[in-house]
Every structure is written in structure tokens, then in C-alpha cells.
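Q: The following exchange sets computed values against their definitions.

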Amino acid sequence: MTDIPTNLLQKESAFFESNWEKLLLQYPNRVLLIHGEKVEGDFPTIADAITAGVRKFGSGPFLVRRSGEDEPVVSIPALSLGILKCQ
């Protein structure tokens, strides 16, 4: 089993944290798809954001967070969508 690098979403997380208030005002009660230092889309549900992220970035890293959310939700979209299986 491969180890997941701890800094995998460091850039995305830092962007979200440093723009927390702005994102909350711009995207109230929306789920954000973040790649690098850019919001790639806003969605009504986490499932919609994950689906869009997988379509756009494949198995590459992207962050899905609800605007205004304090605590991060850790999710591995490929596992959630059944693309990869844990062994």
C-alpha cells in the first residue's frame, strides 16, 4: 500500500484558508472545487463537486470544501466513487 503524501493538497488548503471570508461571501452555502489556487467551480452538493473534479482532473489531487466550513473534510474521491479499492 502506498503512503499518501501529507502535502498533497497543501496549496489548495492554504488558498482556501487564506481566502476563507472572501469565498464565503462570493459562494455562500456552496461546495467549492479547488485546484491549485483557483476555484474551478461551485456546486450544491459534495457529490456534484467530486464528480466534476474527477471529470476535470482524473485521479489528480483537488480539494472539495463547503464555503464557510471550519474543519476540513478528508475525502479521496477515487475511493468514494469506487474508481480505486482499498486493499
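A: A residue is buried under 20% relative accessible area, exposed over 50%, and partly exposed in between, with a 1.4 Å probe and protein chains only. This is a predicted model, in which local features need pLDDT of at least 70, side-chain atom pairs count only at pLDDT 80 or more, and totals for chains, interfaces and linings use all residues. Residues are numbered from 1 along each chain as its sequence is written, and side-chain values use heavy atoms, without hydrogens and water.

Q: Why does Arg65 count as buried?
A: Its relative accessibility is 2%, and the cut-off for buried is under 20%, so Arg65 counts as buried.

Q: Why is Glu17 called partly exposed?
A: Glu17 has a relative accessible area of 44%. That value falls between the limits of 20% and 50%, so Glu17 is partly exposed.

Q: What makes Glu17 and Arg65 a salt bridge?
A: The term requires a side-chain nitrogen of Lys or Arg within 4 Å of a carboxyl oxygen of Asp or Glu. The closest N and O atoms of Glu17 and Arg65 are 3.6 Å apart, so the pair meets the definition. Glu17 lies in helix α1 and Arg65 in strand β3, so the salt bridge ties together parts that are 48 residues apart in sequence. Helices (H or I, at least four residues) and strands (E, at least two) are DSSP runs, numbered from the N terminus.

Q: What makes Lys56 and Glu40 a salt bridge?
A: Their N to O distance is 2.7 Å, which is within 4 Å, so the rule is met. This pair links helix α3 with strand β2, 16 residues apart.
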